[in-house]
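Dear colleague,

Please find below the structure I mentioned, together with its sequence. My findings follow directly after it.

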Amino acid sequence: LPQQSKVKINIFNSIGQLIETLIDQQMDEGYHEVRLDAATFASGVYYYRMQAENYTSIKKMLLLK
């Protein structure tokens, strides 16, 4: 993060349903690491959306068990 900001990271399934909110808090500037415990998730395609200030990014991830 280039500056302190409120960060929100959501996980969605392949049809757009919200599965989990990983982070929804104010975070300091710098690099951060977030771990996802997907033990209860089925194998498949998921999307994660990260929002911080004026930045939004949506990426696809594949979970294989």
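I begin with the surface of this model, which is a predicted one. Val45, Leu62 and Leu64 make up a nonpolar surface patch, and their combined accessible area is about 310 Å². Of these residues, Leu62 belongs to strand E4. Leu62 counts as exposed because its relative accessible area is 60%, and the cut-off for that class is over 50%.

The strand that carries Leu62 is part of an open sheet of four strands, arranged in the order E2-E1-E3-E4 with antiparallel pairing. The edges are taken by E2 and E4; each has a single partner strand, so one side of each has no neighbour in the sheet. On average, neighbouring strands of the sheet are turned by 15° against each other, direction ignored.

The individual pairings may be described as follows. Strand E1, residues 5-12, runs antiparallel to strand E3, residues 44-52, and six bridges join the two. One of the residues concerned is Lys8, whose bridge partner in E3 is Gln51. On the pairing of E3 with E4, nine bridges are found, again in the antiparallel sense. Tyr48 stands opposite Lys59 of E4, and Met50 stands opposite Ser57 of E4. E3 and E4 form a hairpin with two residues between the strands, in which Glu53 adopts a positive phi near 50°.

Ser57 deserves a separate word. Which residues does Ser57 contact, once its neighbours within four places in sequence are left aside? They are Tyr48, Arg49 and Met50; of these, Met50 is also the residue that stands opposite Ser57. Ser57 lies in strand E4, which spans residues 55-63. Its relative accessibility is 12%, and Ser57 is therefore classed as buried, the limit being under 20%. Within E4, then, Ser57 is buried, whereas Leu62 is exposed.

At the other edge of the sheet is E2. Leu18 is located in this strand, which covers residues 18-27. Apart from its neighbours within four places in sequence, Leu18 has contacts with Asn10, Ile11 and Phe12. Strand E1, residues 5-12, is where these three contact residues fall. Leu18 and Gly30 are twelve residues apart along the chain, and 27 Å separates their C-alpha atoms.

With kind regards

Technical notes. Residues are numbered from 1 along each chain as its sequence is written. This is a predicted model: local features need pLDDT of at least 70, side-chain atom pairs count only at pLDDT 80 or more; totals for chains, interfaces and linings use all residues. Side-chain values use heavy atoms; hydrogens and water are left out. Contact means heavy atoms within 4.5 Å. Buried means under 20% relative accessible area, exposed over 50%, partly exposed in between (1.4 Å probe, protein chains only). Patches are made of residues with over 30% relative accessible area and no salt bridge: like charges are joined within 9 Å, nonpolar side chains (Val, Leu, Ile, Met, Phe, Trp, Tyr) within 5 Å. Accessible areas come from the Shrake-Rupley method with a 1.4 Å probe; for residues, only the protein chains shown count as cover. A salt bridge is a side-chain nitrogen of Lys or Arg within 4 Å of a carboxyl oxygen of Asp or Glu. Two strands pair if DSSP finds at least two bridges between them. Axes are lines fitted to C-alpha atoms, for helices over the stretch in contact, and angles run from 0 to 180 degrees between N-to-C directions.
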